[in-house]
Amino acid sequence: MKIRSAEFISSETDIGRLPFDGLPEIVVIGKSNVGKSSFINKFANRKSLAHSSNTPGRTRTANIFKINGEFYLIDMPGYGYAKASKTQKSVFAKIISDYLERRTEDFVAFFLIDSRHTPGSGDKEMYNYIASLGIYPVIIVTKMDKLPVSKHKEQLRMIAKELGRDDLDGVFPFSIKSEEMAQNCRDFVEELLS
C-alpha cells in the first residue's frame, strides 16, 4: 500500500460520535508509552499526524485519522498508566470497551506491545478481553530497533506465546526506524481491504 493522504478527523470520548460512513477501521490499542502515536505516524508516512510524547498517558481520547480516503486509524488511550487517577483510568477503559463492544462498523484491532518486555498481567488481560469479544488481535511488536537483530525472532515468539498464540501468524515486528517493517504493516492492511 502506498500512502497518498492522511488526515486528522477528530478526537472523541463518545463512541457514538465516531464516523458512520461504512469505511473499515483499524483500532490501535496498547499500554501507555508503547508507541501507538509513533506507529500511526510511521504507518501513515507523516511525522506529526498523531502527537507522540515520551510522557505516558498523553492520549486521553479516541483520535481518528483517515488514510487514503479508504479507512480510518483510531488511536485509543493507553491502558495501564500508573500515574493516572482512578477516574481517568475508568474513562480511558470505558472509551476502549465502548468501542470494542458497541462499534458496528467493520474494524480490526491492532494490539501493540513493547518488544523489550515480557507481556505483563495488564497486557494479557487486555489481549484476552479483546479476544473474548470474538476479535482476533493483530499483534504489532514495537521498538524492535532497541533489540539486536539476532534476538528478533526469539522475542517475537516469546511475546506470541505469552499472549497464547502458537505461531507468528498475525504478529508483526515494527520499528519507526524500519521502512520495511512499516511497509509490511501497510501491505497487510491493503490485503485486509481487498
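Colleague: Over how many bridges do strand β2 (residues 25-30) and strand β5 (residues 107-114) pair?
Modeller: This is a predicted model, where local features need pLDDT of at least 70, side-chain atom pairs count only at pLDDT 80 or more, and totals for chains, interfaces and linings use all residues. Residues are numbered from 1 along each chain as its sequence is written, and side-chain values use heavy atoms, leaving out hydrogens and water. E25 has F107 in β5 as its bridge partner. β2 and β5 run in the parallel sense (pairing takes at least two DSSP bridges), and their bridges number six.

Colleague: Which strands sit at the edges of the sheet?
Modeller: The sheet is open, with seven strands (DSSP E runs of at least two residues; helices are H or I runs of at least four) and mixed pairing. Its order is β1-β3-β4-β2-β5-β6-β7. Pairing on one side only marks the edge strands, β1 (6-12) and β7 (171-173).

Colleague: What angle does helix α4 make with β7?
Modeller: Start with helix α3 (residues 121-132), which lies across β2, β5 and β6 (138-142) at about 165 degrees to β5. Helix α4 (residues 152-162) touches β5, β6 and β7 (contact is heavy atoms within 4.5 Å). Angles run from 0 to 180 degrees between N-to-C directions of axes fitted to C-alpha atoms, for helices over the stretch in contact. For α4 and β7, that gives about 145 degrees.

Colleague: How are α1 and α5 oriented to each other?
Modeller: Helix α1 (residues 36-43) and helix α5 (residues 179-193) have axes that come within 9 Å and cross at roughly 80 degrees. Under 35 counts as roughly parallel, over 145 as roughly antiparallel, 65 to 115 as roughly perpendicular and the rest as oblique. So α1 and α5 are roughly perpendicular.
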